[in-house]
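Please open the structure in your viewer and keep the selection tool at hand. We will go from place to place, and at each stop you will be told what to select and what to look for.

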Amino acid sequence: MSWNNGRLGLLLSVAAVLGACDRKGSDMLPQPVEEFPVILELGELRVLGRNEAHMLPEFAVPESHQAYQASESGYVDGFRQWSSVLIDPAEFTAAGNTAPFTANAVGSRYTDDLIDFDSHYDWCELMDDEGRRNCYFGQIGPPEAGKRGGGTFTFTVPDVVPDTYQLDPALLGIEGSDLVSVYVDESSPQAVKDAVRVDTVCVAIDSETIFWNHWLSPDPAERLWLLSYPDQQQDDGDLDLFGGMTSYYTGSPGLELGNFRGFYTDDLGRQIEIEFNECFREGLAGDGFEAHAGRGALDYCELDVEGRNGIEFTMLLDTFSVPLDDGALSFGAMVFNGPCGQTTEDSNLGRELGMSECLLPGESLTPEKNGYTPRTCVEAFEEAACASTSFLPQEPDSLPPMQEFCCAHEGFGLDLCNEVERPDDACRQFQTSYASENGDARSNYCATFPERCCEYYEEGIGDRFYQAP
């Protein structure tokens, strides 16, 4: 072979190698999906009471055709998850509460609907007389490279959110030193309504699937649950949350995304920017640095709405990343009364809401234009993830709940646990911990944690997205 022929062969080989490389990185960008809008308008959401907001994570998947039942004496616990937000009127009266207030908590408002509920998505879709949903689950498609995508929704600050509050008995005209549970709505006396007037709301969104970034933990000893099992990066997405009064929003809902920035010209002719975004979260560094939750994680913020009752707010969900596995970003969204997370001991709001993956369960959906079909086993997966976030090993060989979940569902093809990258001996301790003479490790695990165990269903079968054994 001549030197020229050899050089030609070398050049062709180099060209082939260079041609095989995608220098633009387009293989890491999800392709637009025609069925899903790039810019989505969700409409108006209700401001939920804290008891209502607590209903969603408590809505465990019921047995088929299990119905909520009412009786003359109060409420029968047919749906276990709803009972905690119901107050028996007989108990209210027996406690000496003679004030003329309705004692039923918000759950009693749904007694006629519960028999038709098949999942918490049905509860989310319920609308009030003004056409406002309780909450929202949906999907957004990826924008073209270099363009913005996302969604918007609005809410109007109410004077009072109908809910059960913990009030000073003196305010109710009755004796006693302990706070009294009272259901307050627009028909309640003005003094009572003034005591529970809305002054803070919490807005939360959850992008699919869960936060599980084990590569970024600097020290395994700091967060054992992160390093216990690898993550599936390609099924996670990220929406960044912003918000403020609608009058300051510059976008066109459903058509073009905007922002909450305004400008004015000072006396020297300089144009000064004003920031009207009120949805602000500080990062780990603090000192005013704005932060967002990251891929697959719950993003939320508190808004100070004191004195702005009746004012409409717009929330902006800015698409940061879309899952690579299907090109559709699933998410959930809700607004509820009071601060995000815990309330103070003397707060009349009562409920404490954990700001975690379990606040908006089941946000990971299969790509469908109409209806909701959760990804297989995703709620059981989230239950294990939520338990893992607070995991503190009681024994040297105890495993984080997330690792136990993945070991219990090994080989199920759920595409939730990254079995390719897991250590070869990752499930050895699981087998040791749960195997016994009375059954195999998986069966014993499912009997111990039925809410974290699921049966595999072939895609397209609309049975249950997880089922207790």
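The tour below begins with how far the model can be trusted and then visits a strand, some aromatic rings and two helices.

This is a predicted model, in which local features need pLDDT of at least 70 and side-chain atom pairs count only at pLDDT 80 or more, while totals for chains, interfaces and linings use all residues. Residues are numbered from 1 along each chain as its sequence is written, and side-chain values use heavy atoms, with hydrogens and water left out.

**Confidence**

Colour the chain by pLDDT, which is the predictor's confidence in each residue, from 0 to 100. The protein chain averages 76, and 70% of the residues score at least 70. Helices (H or I, at least four residues) and strands (E, at least two) are DSSP runs, numbered from the N terminus; among the elements of the chain, strand 3 (residues 74-76) has the lowest mean pLDDT, 34, and strand 5 the highest, 97. Now select residues 97-104, where the pLDDT is below 50, and then residues 456-469, where pLDDT stays under 50 as well. Where pLDDT is low, the predicted coordinates should not be read in detail.

**Strand 5**

Select T152, which is found in strand 5 (residues 150-156). Is T152 buried or exposed? With a relative accessible area of 3%, T152 is buried, a word that here means under 20% relative accessible area, with exposed being over 50% and partly exposed in between (1.4 Å probe, protein chains only). Show the side chain of E41 too, since the side chain of T152 makes a polar contact with it at 2.5 Å; a polar contact is a pair of N or O atoms within 3.5 Å, where within protein one must be able to donate a hydrogen and the other to accept it, and residues adjacent in sequence count only if both atoms are side-chain atoms. Leaving aside neighbours within four places in sequence, the residues in contact with T152 (heavy atoms within 4.5 Å) include L40, Y249 and M315.

**Aromatic rings**

From T152, move on to its contact Y249. A search of the whole structure finds ten aromatic pairs, where rings of Phe, Tyr and Trp (its six-membered ring) pair if their centres lie within 6.5 Å, and planes under 30 degrees apart count as stacked, over 60 as edge-to-face and the rest as tilted. The rings of Y249 and F260 have centres 5.2 Å apart and planes at 45°, so this pair is tilted. Both residues lie in the loop between strand 9 (238-245) and strand 10 (261-265), eleven residues apart. Y249 is buried at 11% relative accessible area, and F260 is buried at 2%.

Next select F430, Y434, Y445 and F449, which form one aromatic cluster. Add R452, which lies over the face of F449, at 4.1 Å from the ring centre; for this, CZ of Arg or NZ of Lys must be within 6 Å of the ring centre and within 35 degrees of the ring normal.

**Helices 8 and 9**

Select helix 8 (residues 378-389). Ten of its twelve residues are buried, so helix 8 is largely enclosed by the rest of the structure; among them are F381 and C386. Finish at helix 9 (residues 401-408), where eight of the eight residues are buried. What covers the buried residues of helix 9 includes helix 8, helix 10 (428-434) and helix 11 (441-448).

Key
Expected span 1.5 Å × (residues − 1).
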